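Subject: Structure for you to look at

Dear colleague,

Here is the structure I promised to pass on, together with my notes on what I found in it. Please have it open beside the text as you read.

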Amino acid sequence: MTAPATDARWLEAAARLATRTRPSSYPNPGVGCILVKDGIVVGRGWTAPGGRPHAEAVALAQAGERARGATAYVTLEPCAHRSARGPACSTLLVEAGVARVVAGVEDPDPRTAGDGMARLREAGIDADLLLLPAAEASLAGYLTRARSQRPHVTMKIAMSLDGCIATSSGESQWITGGAARAHVHSRRAMADAIVVGGGTWRADKPKLDVRLPGLEGSSPQRVVLTRGVPPDGVKVINTPEQIAALEALYLYVEAGANIAASFLAADLVDRLEIYRAPIVIGGGRGAVGDIGLAVLADARDRWALAERRQLGSDNFEAYSRLREK
């Protein structure tokens with residue numbers, strides 16, 4: 001059903017809380033929960049590092065007795081299964097005496113998959129499942145893993161106005177300015193793993209870490225895509241499809257032309273992030289190699305603009321992949 005304005009507002013707030021879980025909630029979904037009573041927030045929570053406690057448990061603990069009669073806004077359907085690490089969230093909500101639960105996405109986990117909402121209704125709780133894009137977006141990694149058996153993939157490309165990522169000699173540091181590079185580090189901090197190609201690894205020896213104050217401990221695991229000699233100290237994959245085996249919900253690809261082409265040709269990119277510098281290189285190395293596109297019509301209407309902003313003198317644009325229903 002479509003979300004009423006008030007419900008949508010609170011669910012969107014819960015989705016913003018959920019972003020605080022990236023990427024530390026792995027292997028569990030990063031969920032946000034807000035408890036509202038008489039228009040006042042009485043509890044809020046998000047999934048703790050390592051996946052427990054769940055967002056609902058955190059919010060209920062904060063609210064205490066004020067949870068009785070409240071409405072719980074939660075981005076993902078409350079779980080219906082008990083684990084060795086704690087009771088089901090649907091059970092906790094029933095025991096707390098909430099009056100209503102509004103969830104943004106049905107849990108694809110077969111252990112819950114509708115049973116969480118059913119359990120709430122059986123206990124006399126008004127339980128509504130609303131189709132809210134913000135909630136789904138906040139769970140992109142978990143949902144991609146559940147539906148496609150791989151992490152959610154963001155590809156980053158830094159290029160000139162004329163689509164070059166380097167000069168003809170290969171010089172690429174730095175096309176973009178400091179603000180754009182700092183933004184890249186903030187995006188790295190949102191990923192479980194980061195991928196570069198073997199050529200980039202051997203030529204630049206990139207650290208692939210996060211170098212922002214307070215986020216130094218958020219560096220993702222480093223992965224190199226190569227068919228050559230495996231480099232020391234990093235995980236290696238030989239093909240883009242092997243990302244399925246990575247322990248990650250969110251994968252960040254810092255792409256050269258060949259890596260970009262490989263991931264795009266394999267239809268493995270969910271979000272494309274482009275940093276465009278106000279320079280013209282002319283005759284440089286293009287951003288994306290051959291992806292085997294033979295018919296121009298096949299390239300149309302495949303990406304939707306999701307975000308745009310100015311970063312110093314550079315432009316940042318993010319596009320979400322449009323996939324067939």
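I begin with E273, which is buried, with a relative accessible area of 0%. The model is a predicted one, so please read the distances and accessibilities below as values computed from it.

**Salt bridges around strand β12**

E273 has a charged partner: R187 forms a salt bridge with E273, and their closest N and O atoms are 2.7 Å apart. Because R187 belongs to helix α7 (residues 178–188) and E273 to strand β12, this pair ties together parts that lie 86 residues apart in sequence. R187 is itself buried, at a relative accessible area of 14%.

A second pair involves the same strand, for the side chains of R271 and E307 meet in a salt bridge at 2.9 Å, N to O. Here R271 lies in β12 and E307 in strand β14, so the contact ties together parts that are 36 residues apart in sequence. The two partners differ in their surroundings: R271 is buried, with a relative accessible area of 16%, whereas E307 is partly exposed, with a relative accessible area of 24%. These pairs belong to a wider arrangement, in which R187, R271, E273, E307 and R309 are linked in a network of salt bridges.

The structure holds 16 salt bridges, and one further example is that between R100 and D128, whose side chains meet at 2.9 Å, N to O. That pair links distant parts of the chain, with R100 in strand β4 and D128 in strand β5 (residues 126–129), 28 residues apart. Both R100 and D128 are buried.

**The strands that pair with β12 and β15**

Which strands does β12 pair with? On one count, 6 bridges join β12 (residues 271–276) to β15, and these two strands run antiparallel; within that pairing, I274 stands opposite E317 in β15. β12 also pairs with β6, in the parallel sense and over 6 bridges, and there I274 is the bridge partner of I157.

β6 (residues 152–159) has 8 of its 8 residues buried, so it is largely enclosed by the rest of the structure. Both of its faces are covered, since H152, T154, K156 and A158 on one side and V153, M155, I157 and M159 on the other are all buried. β6 pairs in addition with strand β11 (residues 250–254), in the parallel sense over 5 bridges, and in that pairing Y252 is the bridge partner of T154.

β15 (residues 314–321) is likewise largely enclosed by the rest of the structure, because 6 of its 8 residues are buried. It is joined to β14 by 8 bridges, with the two strands running antiparallel, and E307, already mentioned for its salt bridge with R271, has A318 as its bridge partner in β15. The hairpin of β14 and β15 has 2 residues between the strands, and in this hairpin G312 takes a positive phi near 65°.

**Helix α3**

In helix α3 (residues 89–96), the residues C89, S90, L93 and A96 are buried. They cover an arc of only 130° around the axis, which puts them on the same side of α3. As background, an α-helix has 3.6 residues a turn, so residues three or four places apart point the same way. The buried residues of α3 pack against α2 (55–63), β3 (71–76), β4 (100–105) and α4 (115–122). Just after α3, G97 takes a positive phi of about 80°.

**Two places in loops**

P53 is found in the loop between β2 (40–46) and α2, and at 42% relative accessibility it counts as partly exposed. Leaving aside residues up to four places away in sequence, P53 touches W46, T47, A48 and V58.

I291 lies in the loop between β13 (285–286) and β14 (303–311), and is partly exposed, with a relative accessible area of 39%. Together with V288 and L293, I291 makes a nonpolar surface patch of about 230 Å².

With best wishes

How values were computed. Residues are numbered from 1 along each chain as its sequence is written. This is a predicted model: local features need pLDDT of at least 70, side-chain atom pairs count only at pLDDT 80 or more; totals for chains, interfaces and linings use all residues. Side-chain values use heavy atoms; hydrogens and water are left out. Patches are made of residues with over 30% relative accessible area and no salt bridge: like charges are joined within 9 Å, nonpolar side chains (Val, Leu, Ile, Met, Phe, Trp, Tyr) within 5 Å. Accessible areas come from the Shrake-Rupley method with a 1.4 Å probe; for residues, only the protein chains shown count as cover. A salt bridge is a side-chain nitrogen of Lys or Arg within 4 Å of a carboxyl oxygen of Asp or Glu. Helices (H or I, at least four residues) and strands (E, at least two) are DSSP runs, numbered from the N terminus. Buried means under 20% relative accessible area, exposed over 50%, partly exposed in between (1.4 Å probe, protein chains only). Two strands pair if DSSP finds at least two bridges between them. The arc is that of the directions from the helix axis to the C-beta atoms. Contact means heavy atoms within 4.5 Å.
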